[in-house]
Structures are given as structure tokens and as C-alpha cells.
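Open the model in your viewer and keep the selection tool handy. We'll go from stop to stop, and each one tells you what to pick and what you'll find there.

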Amino acid sequence: MLQLFRRLILRPLRRDLTRTLLTLVSIALGVAVVIAIDLAGDAATGSFQSSMTTLLGKVDYEITNNGGVDETLFGKLATLPLNARFTPVIQQPVGVAVPGVPGASATSFEELLSGSTTMYGVDIIGNPDAAANAADASGDLDPENLEQFVVVSSELADRLHLKKGAALELQGSEKNARFEVRYVVPNQRSEWVAVDIAAAQDLLSMQGRVDRMEIFLAPQQDEQAFLKTVRAVIPDAYELETPGARSEENRRMLRAFRWNLRILSYISLIVGAFLIYNSIAVSVVRRRGEIGILRAIGTSSRAVLAIFLGEAMLLGLVGSLLGVALGRVLAGGLLKLIAVTVNALFVTSAPGEIALSFTAVATAVASGLGVAFHSALLPSLEAAGVAPAEAMRRASRDHAAKLHVRRDLVWSVTLAVAAALLSQMGPIAGRPVAGYLATLLMIAAAAMVSPVFVTGLLRSLRGPLKKVGGAEGLLAGRSLTASLARTSIIVTALATAIAMMVSVGIMVGSFRETVQMWISSQLRADLYLRGAGPPSAGVYPPISSDIQGLIADTEGVDKAEAFRGFEFRYEGARATFGAGEIAIQKGLGALQFLQGNSQEILTSLQAEDHCVVSEPFSNKHHVKVGDVLQIPLGKKIAPLRVMGIYYEYSSDRGYVITDWSTLRKYLPEQPVTNVAVWLKPGFDQEKVQRVLETELRKYPVTIAANRMLREQAVIIFDRTFAVTYALEAVAILVAMLGAANALLALVLDRRREIGLIRYLGATTPQVRKMILTEAGLIGLLSGALGLALGSALSLVLIFVINKQSFGWTIQFHPPGVLLGAALLLVWVVTVLAGVYPASVAAALQPVETIHEE
Amino acid sequence: MFPSKVSSAISIRNARKVYEGGVEALRGVSLEIRPGQVTALLGRSGCGKTTMLNLCGAMDFVTSGEVEIEGKLTNTLDDAALTALRRNRIGFIFQFFQLLPALTAQENVEMPLLLAGAKNAAATALERLTWVGIPEKAKSLPFQLSGGQMQRVAIARAMAHNPAILVADEPTGNLDTASGDVVLQLIRRAADEFGAAVVMATHSLEAAAIADVKVRMRDGHIESVE
Ligand SMILES: Nc1ncnc2c1ncn2[C@@H]1O[C@H](COP(=O)(O)OP(=O)(O)OP(=O)(O)O)[C@@H](O)[C@H]1O
Ligand SMILES: [Mg+2]
């Protein structure tokens, strides 16, 4: 058996080294994408707590509250008879500048990103660990000067070239202050700066308030008793839970996003599966005679089956291992892309370390082997079914693959109908399971229709092919039809990859167009002002309370609307609470509602305890117009009646919007985070912007013109989807390798025929042209099938998967020109994939091939 | 005794052929092949018949000596010129028919014409199929034909572009006697009606019987010419 394996498998594998390598690379790429997406996804979502742990040690519980935690609570908690330590913490973005180095006056988007960082305010005296960390190098701690020093992470220190003893200016909403760097915490993957809590409160004018209370339990403290005691002390609206719960919440929030990436990555594996199938089918077809002889001399059909499955498993194993190594490398590149998306759409987090866990490797190898096994099953069974008499029969023919037009069509239509029905179903456990299934069924439907499609289209092209392509065109078309099994597999594989490109392209393009239209209706003011720092989901740097007045008094300003945004939690998920000044908003038509008259809805907001929510919020929490939300605000729980649901695309987290009059009742101290400025007619927007920038220069704020914000939105959008483009590129690459592989197989299978046409007077350029024409035809067929499949898939992506995962209504806007260009590019690359097989064909020696049997 | 060069389609002069493995397939043979005549190469397996045909068909080069086809020394021609020579002047018939399985009978016959860029390929092809007596099989695919029919299509294809030289390697080697006879008659007519110089390798006595010149070979030598 082993000897048979060596003879029948290993030797041919070595003989057709190029083909073997192409197959290995395509499996490896498929597996690599899957594992890379997993690893990078884990790293991008698994580290929400890491920086705080570095600073304070492992936190057991946290007390949080929408709108902040009252500082006086600390006094009450500290006196409780508990074996626990309580530490108030502030976590807010601040501007940073190195004195002497020209500051960041954000003229570009990039600069805007670089001028800020995350600030932690911690009680250093009350925290021996933090104090020890801080004092580490210097050895002495002068309590008098506590408020003048900062601890920075290595990452921030690297960016700003900070060393121990350097000066650093922090720019809070209310004031700027200069600090001295006392310690650089090594091996940090995120940027942050830690200061004493009093200094932090001073910078942000958060006197009396902190963001949360961290709790460390002593080992001997009974947890239940602790929970009971603390719950009795804190207001009802406050939450007490483990930091793990927060990470869990983050992970849950990212689940849909990661699943969508995962599904995309599996598509490359599916493409890889087609290629393994093709490769094994080739080796069976080419060794029919040999198998026949083996069977004639008494090898059992089971042994033949085992041998060919063995070949597949060998290819699968080696390919998967290569894939794991490649995936580890790819993950590094993907991590950045995914982290950008996570930060922009979901939650601010620092990417963690990529960990190549045993389970990840095992899963990748198992999926590689599984795919190899299943895709090899059919051709291996065919090999096992070869009759001993086959040895006597002449040359292997593909004619066995007869066309079953009716059967194939019936299957294809059945699968398509099933897919259509599935896509009508709602989410299961919040996930678009039926949608995923529908995409798989659609790919299967395309695979089933592929042979009919290939023969049909080639037949209708017969005339033009001969007229335009002459003998080469005729031969190319006919040989593809003759090797139907082979042709339809490669067409299906390529079409699947192209469909993925097309569907994601249509989805992203539609999304982009929708977002752009939404932004132009949303952004009606001339200038927008916000705290300095990168725009990031869930981060709302407060700005000084003086600013709104200053702006309103500036010449040329018509009106200025203040907006107060902050992150809050609702039913275990993060969302944004926002309060605007509806009196100003009214009549501008900025918010567009799913239903109802926007004037009436906005007017109704001026009444007490009314709100509107964004579409993703309404979808996520199943909120309808007329429902009353119970939202903890400050120490009370506010009952807010939903008056309307508006379109919103800026992030996956939902929005709840009220008038400031409503929020003020619960959180009178809530700082302004954004100001929208309308100019009087006749005033130059750029001039007024410059005047405002000079007037507000001592505040860490950025002023952006309407146009710049629109551009930014597009930049952020494109960055967010960079990861999907990367995935598509890999799938196309896999498919291209597959095309080259399959064309090579087509050439090697027809050595005799290619030799023959040389006898009939074909020149080598003619042989080359014939193979390239085949490549071009395969590209055309796959492009057409891929476009059809992709358009169907895009509907499922837009109206089922995306809608159910994220709750966005996306308008269908296929990006025609871009898609056309992409398809043309793919077609050109397919033709290029034919160059090597074509030169192999041209180099064949006719005298030798014609006598080969 | 020796005919002039002009009247020969192919002149082989003192040809030696040594294959890469070192096998000396031809050890200095000379032969004239004339238009309108059927020249049969006879001899045991391995004596060098196919090697001779490859030289006659401009498919291979001699190691030393000369092969002149229609006044051109093949050794001096490049690949493009050899291809041009084949597509315009030479037709081939094989033992195993060698039809292109994906093409119909008529398309198979058309192929050399299409490759050469000729006009009226389809009409000429049908004409040749009529000449070999199976016009009704024009639209059939090779697997739908019998062995004899396949070889007739192959002959029609070899004669499609009206070649000056017809090279046939054991054309009846894979056929029963009746089909073989039909094929031999067609080969004879190719020489008589088209004036082609036919050179044919064969083991069969029936085939040898239609030949004008019988060349007996042994171990890379020509034993006798009659
Ligand atoms: N491509 C090749 N490489 C090496 N040796 C070859 C090659 N082709 C033929 N030979 C050798 O050259 C000699 C002549 O072969 P050739 O095919 O001309 O014989 P033949 O007379 O046609 O035989 P048969 O009647 O069996 O077809 C043989 O010994 C053969 O083994
Ligand atoms: Mg021979």
C-alpha cells in the first residue's frame, strides 16, 4: 500500500511539481486567510482592560454610571466594614503637546489624529501599586508634587520621543497644564498617560465626579456579602459588575462584525476547495490507465480510494501547515486594519498581542483537512470505480462528464428558491443565520448551473469565436466544452471569488453612497467644533462651557447649537446619549426619520422626557415608536418616550437623542461636547473659521468646516472597509492561482491534441493564442457567472445580513464604473494566469506527444 | 538511373539520425520520393520507419546528411518556415487516426485550412469528405464514428489543403481488412488524382501491394528498393 502510494501519488506529485505547488499554495492561502482573520480578530477585541491592569493590578469589580459616578460615594464605601480597596478612576481623552515642539493645529486629518491620547486619572496616594510603579526609578515620592508628574506608556513615549524627566503639556477642556514625565511604563501596546486624579478633575473640570470606581477584593472577603453591602449603598441607577462583564459586552458587540469577517474568510476556503477537487480530479483522470492496470493485477477498489484520499489529505495537511505559518504573518497586517474598524465603528480599544493558540492552529488544520477530504471524495470514488478493463481502453476522456441539463437546472432552481426563502427569515439569536445559509445555497446553485451555463454560453459563442479567433478560437471553445467537468469547476471557483468581490463591492459601494447622502443631509451647519482627538466610537471629549458663548459673540455667526454626547449603557450594550437644542435643529431637516413628519417629531421633543432613537438602536433593542425607555441618568432612572426613529450610519452603536431641556433635569453638569455653527449670509466660512481658531486657541478643540467633515467621513469609511478589500484580494489571488493550475491541467491533459495541431500546421504562436483564448473564455464565463451570483449575494448582504447584524438600512447603489474596472482587471489577470500554461503548451514536442498513449 | 532533383518531392541523402539516448535510428540512408507515386517503407519494428517519416514530414531533423523537401533543405529552415512548409505542402495520416475529439468530422477536416487562414474552409472540407465517401458524417463527432470512418476523415483532413506530400504511418495498422482496403484505395487515389508524393510506413502486405516503390529497411539501413 505504501509502495503503491509512493508510485501512484508521490512520484506524480513530484513530476508535476508546478501543479502540486500551485495546489498547495491555494490551500495554504485559503487556510491562511481563515486563521489570520481569527487571530487578528481575537487580538483586536481581546484587550479592553490591559492598560488599567498594568497600572493598578487586577480589578475585581467596577461601579459605573451613565453621566459619571459621584465622588462622595468614595467616602461612604471606604468606611464600609469590607476587606476591599476602592479606587476612583477617570478615563478621558486629552490633548497632548510637547512644549517647545510646534503643536498640532489640526490642518489635516492625520494631524488631528496625532494630537491626543487617553488620560487615566488615578488616586496615586491611595494606590500602593501605582505609586510603586511611578516611584520605581526615582525611589522617592514627594506627595507635594504629585499633581505635577505623569506616567506615560511606552507607546506614547515612543511617538512623542519622551524620556523620564521630559515636560509634557496636557490639554483638558477647561485648562492646559504642564507635567513632568516621571516614569515610562515599558511594553505597552496602546498610548496613554496617567495623572493623579485631582489633576485630571482639574483639567476636565470634573470636580466631584469620576468615571468609575475600581474595587479590589482581599482574598478573605466573601463576595456575596460584599455585593449585598455595596449595592445597599450605591444609588439604584449605578451598576456594579466585574470588568470581565465589560469585556464580554465588548466581545458581544463585536460578534456580528467578526462573524461577517469570518464568513468572508471562509469563502476563500471554498474557492480553495474547488481547486483541491480540480487537482485530485486531474490526477485521477491522468492515471486512469495506471489505476486500471493496478485493478487488473488485484488491487482492491478500497485501496485505490484510500490512496487518492491519502493524496488529498497529504496536500491538505502540508497546505494547512503552510497556511498556519502564512496566516500568522497575515494576521499582523490584518490586525491594524481590523483595529481601525473596531475603533471607528464599535468601541475604543488597544489591539492586543497576536497569540497563535493551539486551538487556532488545530481549527485551521482541521478545516484545511476537512475541505481537502470532502473535495477529494468525489474524484476518489471515481478512481475507485475505474474498471480493470480501463487499462485496455485508450486515452482518458472527459466525455464521462455528460451534461444533465434538466437535472442540474432543477437542482439549481431549487437551491435558489430555498435561498430566496431563507433570506426572508428573521435573525436567529440576533444573528443572520438564515442569511449566511442563503449565501451558501446561492453559491451551490451557481455551482449546479455552471455546466449548463458554460456549455450554453460557449455554444452561443461558437460562431463569433470561429469568425474572430479562427482555428484557435474554434479549438479553444471546443476544448473547454469537451473538458466540461474541469471547465465548470474552475469557472465556479473563479466565479465564487468574483462574486465575493462583486457582492462586497456592491454592498460597500451602496453603503458608501448611502452614508454620503446621509451625511450631506445630516451636516447642515457651516462649522463644527469638537474636543481635540481622533474621532472614535464612544469617545466624546468635553469642551469648555465658555465656548458656546464665545462663538455666539463672534462676528458673522448666526447661531451656535451645543450638543452634549456621552456613552451610556442600555440593556448590556453601549450606546450614545445625545442632547441637542431642538429649537435650533427644527426646520433644518437634518434628521431623517423612517416614518412620520420630521417637523412634528422634532417639535414633540421639546416636551419633557421625549426622545428619538437611531435605526440601529431600534433594531438592536426592538424599540418602537411610542415605547418608553428606562434609562439611568445620574442618580435617577429617566422614562423616555420614543417619538421617532431616524436614519443613522456613523457607527454600530445606537443613539438616543433628547432636547437639552430633558437631559438637564437629570444631569445638569453634563459638559458640551460639540458645537454646530451657522453663519450669517454673506460671511466667508474660511475667514470666520480662522477668527474662531484664533479666539479659541487656548482650548483643545478642533474646528472643522462642513466640507472637511464630509471628506473625513469618507476617509474613515474607506479605512473601515479596508479589511474587506484585503480579504477580497486574497480570494481573487487564490482563484487566479487556481485558474493557472486548471489551465495547466487542461494543457497537460491534451498534450497529444496540442502536438497534433502542430502536425496540422499550427505555429507556436497559434498554440499560445489558443491557450490564452481559453484563459480569456474562462475569465469571461467566470466574470458573467460571478457578476450574476455576486449581484444576488449583494442583495442578501445588504438587505438581510447587514440589516440583521447592524441594523442599517442601506440603499442599493451598485458602483458601476468601479465594478466594471474591477471585473476588467480580474479578466486581464485571468488571461495572465494563462501565460505560463500557454508557454508550456508551446514548448511541447509534437513528435513525442503524438506517439504517447 | 538517378532521377533529376526536380522530379523528386523529397530527397533524402545519406541521412543519419541519432536520438538523444544515443540510439542510432538511421545509419546513412538515401531515398528519392516522387510525386504521384506511393512509396512504402517496410521492415521490422524498430528499423527506423517512423524516424524516416518524421524527416519526410519536416517534423524532425537529421543528425547528419540532408533532407530536401520540394527543393528546400530542412536543416536550413527555422521553426516558422518548417511550420509553413507543413501547413502548405504536407498532410499526415496516423495509425491511431488522431482526430480532435471535440471537433466534428467536418471541423477536423477544416482545421489545417483554418490554421493556414484559408478561405472557403468549410466548403473545401465538405468536398474532401465527399471524396472519401462519408459526407453524411460531416456533423458527427469522432466518438460517433467507426475506426474505418475515422481514418477516412483523417485522410480527408490530410488532403484538405491539397498537399504535395502525404505522410502515412501504418494507416491500416488499427483497422480490419475491409476498412483497411477502403483506406488503401483512398491513399492510392491521393497519388493518382492529386499527384501527391505518398510515403507510407506499413507492416501489411495488402498495403505494400498498392505501392509503386517498396523500400525494405533493417536496423536503420535501406536493404532494398524495388
Ligand atoms: N524519441 C526517441 N528517442 C530515442 N529513441 C527513439 C525515439 N524514437 C525512436 N527511437 C528509437 O529509434 C529506433 C527506430 O524507431 P522508429 O520509431 O523509427 O521505428 P519503426 O520502424 O517506426 O518501428 P515500429 O514499426 O515499431 O513503429 C528504435 O530503436 C526506437 O527505439
Ligand atoms: Mg513506427
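Which side chains meet in a salt bridge at 2.8 Å, N to O? Select Lys466(A) and Glu110(B): their side chains are the pair. A salt bridge here is a side-chain nitrogen of Lys or Arg within 4 Å of a carboxyl oxygen of Asp or Glu.

Before moving on, some housekeeping. This is a predicted model, where local features need pLDDT of at least 70, side-chain atom pairs count only at pLDDT 80 or more, and totals for chains, interfaces and linings use all residues. Residues are numbered from 1 along each chain as its sequence is written, chains are lettered from A and ligands numbered from 1 in the order in which they are written, and side-chain values use heavy atoms, with hydrogens and water left out.

**Stop 1: the A–B interface**

Stay where you are and widen the selection to the whole contact (heavy atoms within 4.5 Å). You should pick up 26 residues from chain A and 25 residues from chain B. Together the two chains bury about 2500 Å², with 65% of it on carbon and sulfur atoms; buried area is the accessible area (1.4 Å probe) that two parts lose on being put together, summed over both. Now highlight Arg478(A), Tyr759(A) and Leu760(A), which lose the most area to chain B within chain A, together 25% of what that side buries.

The count between the chains is three salt bridges.

**Stop 2: the helices of chain A**

Next, color α15 (433-482), α25 (751-759), α26 (764-806) and α29 (846-850) of chain A; each supplies at least two residues of the side touching chain B. Helices are DSSP runs (H or I, at least four residues), numbered from the N terminus. The largest share, seven residues, comes from α15(A).

**Stop 3: ligand 1**

Jump to ligand 1 and show what is near it (a heavy atom within 4 Å). There are 13 residues around it, and Ser45(B), Gly46(B), Lys49(B), Thr50(B) and Thr51(B) come nearest. Helix α1 (residues 49-56) of chain B gives the most to this shell, with three residues.

Now look for polar contacts, meaning a pair of N or O atoms within 3.5 Å. Pick Thr50(B): a polar side-chain atom lies 2.6 Å from an oxygen atom of ligand 1. Then try the backbone, where an N or O atom of Gly48(B) is 3.0 Å from a ligand 1 oxygen, and a polar backbone atom of Cys47(B) is 3.3 Å from one.

Technical notes
A polar contact is a pair of N or O atoms within 3.5 Å; within protein, one must be able to donate a hydrogen and the other to accept it, and residues adjacent in sequence count only if both atoms are side-chain atoms.
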